[in-house]
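Got the viewer open? Let's take a short walk through this one, a selection at a time.

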Amino acid sequence: MNDALDVALRLLVVFVVFLTFPLIVGQTEHKVMAHMQGRLGPMYAGGFHGWAQLIADGVKFAQKEDVVPAGADRRIFQLAPAVALLPYLLVLLAIPIGPGEGAVGQVLDAGVFFVLAVMGVGVLGSLMAGWASANKFSLLGGLRTAAQLLAYELPMLLTAASVAMAAGTVSLVGILDAFEWWWLPWQITGALVFFVAGLAELQRPPFDMPVADSEIIFGAYTEYTGLRFALFLLAEYAGIVVLCGLTTVLFLGGWHGPWGADGLGWVWTLLKTAVLAFVVIWLRVTYPRLREDQLQKLSWTLLVPLSLAQIALTGIVKVVIR
Amino acid sequence: MTLAAVATAAHATTTTAAGTHGFLSPTGVEIAFLLVGLVTLGAAVITVTTRQLVHAALWLVVALGGLAVEYLLLTAEFIAWVQVLIYVGSVVVLLLFGLMLTRAPIGRSPDADSGNRWVALAVSVAAAAALVWVVVDAFRTTWIDLDGAPAGSTEVTGASLFQHWVLPFEALSVLLLAALVGAIVLSRKAKADAAATPTTGTRRDTEGAR
């Protein structure tokens with residue numbers, strides 16, 4: 001009974017985090033982008049600085065008509081948003097937020113592989129959406145999504161493997177237990193590569209080629225309306241939360257901090273995740289979109305060699321300090 | 001890969017508890033294993049029989065995912081996630097990419113049928129029969145103890161892979177490397193040909209091949 005209650009409570013907490021954190025990131029994006037561009041952003045919904053803007057957006061989306069194009073493959077078209085969104089919920093289960101086994105949804109033996117594998121599945125949702133819409137722009141968006149995933153999955157995996165080598169375990173909890181502060185300079189190349197590749201996998205600017213609005217309208221999501229479209233947007237922001245959380249756990253030491261590691265570890269995790277999320281928004285405002293060939297070139301000629309060099313460095317240091 | 005994984009998992013346990021197990025009183029895990037296996041088989045059959053190309057690729061996702069669940073039920077967690085990562089995350093995405101790049105009509109493709117279907121059926125049935133026979137014969141009396149220490153955890157898998165199976169592992173690595181180099185050579189050669197004879201037909205061919 002107690003075990004069942006414990007599991008239910010964990011699932012509930014993860015679910016609440018899954019529903020609220022992406023919205024917080026979205027609202028922050030509204031406000032941060034606005035202020036960086038000399039605007040105020042949403043100011044009316046909810047009264048205080050437009051805090052309820054995304055709730056209002058959600059209500060608007062829910063009221064819209066759910067249109068499925070006549071030529072579309074109905075079932076796959078309708079299934080795609082769920083396939084895009086649910087993997088991120090599963091990934092959140094495995095991210096440890098504090099020390100000990102009490103602060104993670106589910107302790108997994110091969111946590112690193114689990115999160116990367118399941119995040120890759122989320123991209124299938126975009127592919128399904130792009131194909132099933134029966135729209136040229138959508139198909140092009142789907143193609144670009146697939147090309148981008150294939151290019152950026154590899155550096156992500158290699159840099160994650162570098163951390164796993166350093167810690168001697170592929171469990172996320174185990175990696176955090178083994179973390180030392182000097183891993184930060186040691187794995188800094190890997191951290192940058194992981195973060196950049198993760199941004200590309202989420203199709204965030206400057207890697208938002210698959211949804212480039214000036215070329216292919218909105219890529220794979222062009223034909224979507226109402227709630228299903230909102231689910232795709234939610235998947236993008238859930239992806240930001242997951243990517244920032246993962247980068248925090250793998251490279252920035254998660255709950256480790258200069259002080260207060262015992263009771264306040266979760267504050268450190270949240271703080272680092274929030275700073276990274278801010279950087280994601282910042283990059284969106286700062287950089288123009290890369291061209292498709294530049295995108296591929298960046299991955300294959302820069303990120304992959306860098307991550308291989310990081311693995312070599314990790315191996316050498318690991319042998320030397322043994 | 002799959003056979004080696006099963007062999008690894010089974011080899012690592014080396015349980016000799018046969019005899020205490022029967023087929024008539026299945027445990028919950030065994031029932032789940034059987035049900036997931038049926039779903040996987042069904043998805044695999046639909047994959048090769050459906051007339052809709054992209055649906056076939058998506059049913060393949062179900063089949064491969066079902067296989068990952070089977071690994072999980074056998075406590076081979078590492079193998080399960082690698083299965084999802086490599087097959088669902090990369091191979092199927094590559095397949096879909098190829099389909100979308102060439103032809104992926106919505107609805108049925110009448111030309112997506114082969115005159116070799118009966119030969120293909122015979123070959124696949126023969127291959128399946130051989131595999132089932134060999135696996136059953138090899139692991140008839142081997143049972144995996146699901147309640148004890150996980151027999152397929154990352155640590156156990158790694159140790160067994162790099163102690164007992166290190167030679168096949170290295171041989172496979174060399175094979176993959178050879179395939180990689182071969183692919184690069186082929187693509188470079190095609191590009192050189194296209195540059196030598198810049199006709200539109202050749203160029204389109206090479207771009208399709210790429």
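Begin in chain A with helix H1 (residues 2-36) and helix H3 (residues 74-94): they pack at an angle of about 125°, and their axes are 10 Å apart. Because angles between 115 and 145 degrees fall outside the parallel, perpendicular and antiparallel ranges, H1(A) counts as oblique to H3(A). Keep in mind that this is a predicted model.

Turn the pair so that one helix sits in front of the other; the crossing of H1(A) and H3(A) is right-handed. Now show side chains. On the H1(A) side, pick A:Val14, A:Val17 and A:Phe18, which meet A:Leu89, A:Leu92 and A:Leu93 in H3(A). Color that contact by residue class and you get six nonpolar residues, with no polar and no charged ones.

Next stop, chain B. Select the whole chain: it has eight helices and zero strands, so a cartoon view follows the pattern α-α-α-α-α-α-α-α along the sequence. Of its 210 residues, 22% are buried. If you like contact maps, take the contacts in chain B with a separation of 6 or more: 69% of them join residues 24 or more positions apart.

Last, select where the chains touch. Here 23 residues of chain B are in contact with 26 residues of chain A. Which elements of chain B give two or more residues to this side? They are helix H3 (53-73) and helix H4 (77-102) of chain B. H4(B) gives the most, with 15 residues. Color this side of chain B by class to finish: 18 residues are nonpolar, four are polar and one is charged.

Methods
Residues are numbered from 1 along each chain as its sequence is written. Chains are lettered from A and ligands numbered from 1 in the order in which they are written. This is a predicted model: local features need pLDDT of at least 70, side-chain atom pairs count only at pLDDT 80 or more; totals for chains, interfaces and linings use all residues. Axes are lines fitted to C-alpha atoms, for helices over the stretch in contact, and angles run from 0 to 180 degrees between N-to-C directions. Helices (H or I, at least four residues) and strands (E, at least two) are DSSP runs, numbered from the N terminus. Angles under 35 degrees count as roughly parallel, over 145 as roughly antiparallel, 65 to 115 as roughly perpendicular and the rest as oblique. A crossing is left-handed if the near helix is turned anticlockwise from the far one by less than a right angle, and right-handed if clockwise. Two residues are in contact if their C-beta atoms, placed from the backbone, lie within 7 Å. Ala, Val, Leu, Ile, Met, Phe, Trp, Tyr, Cys and Pro count as nonpolar, Asp, Glu, Lys and Arg as charged, and the others, Gly among them, as polar. A residue is buried if 20 or more other C-beta atoms lie within 10 Å of its own, exposed if 12 or fewer, and partly exposed in between; C-beta atoms are placed from the backbone.
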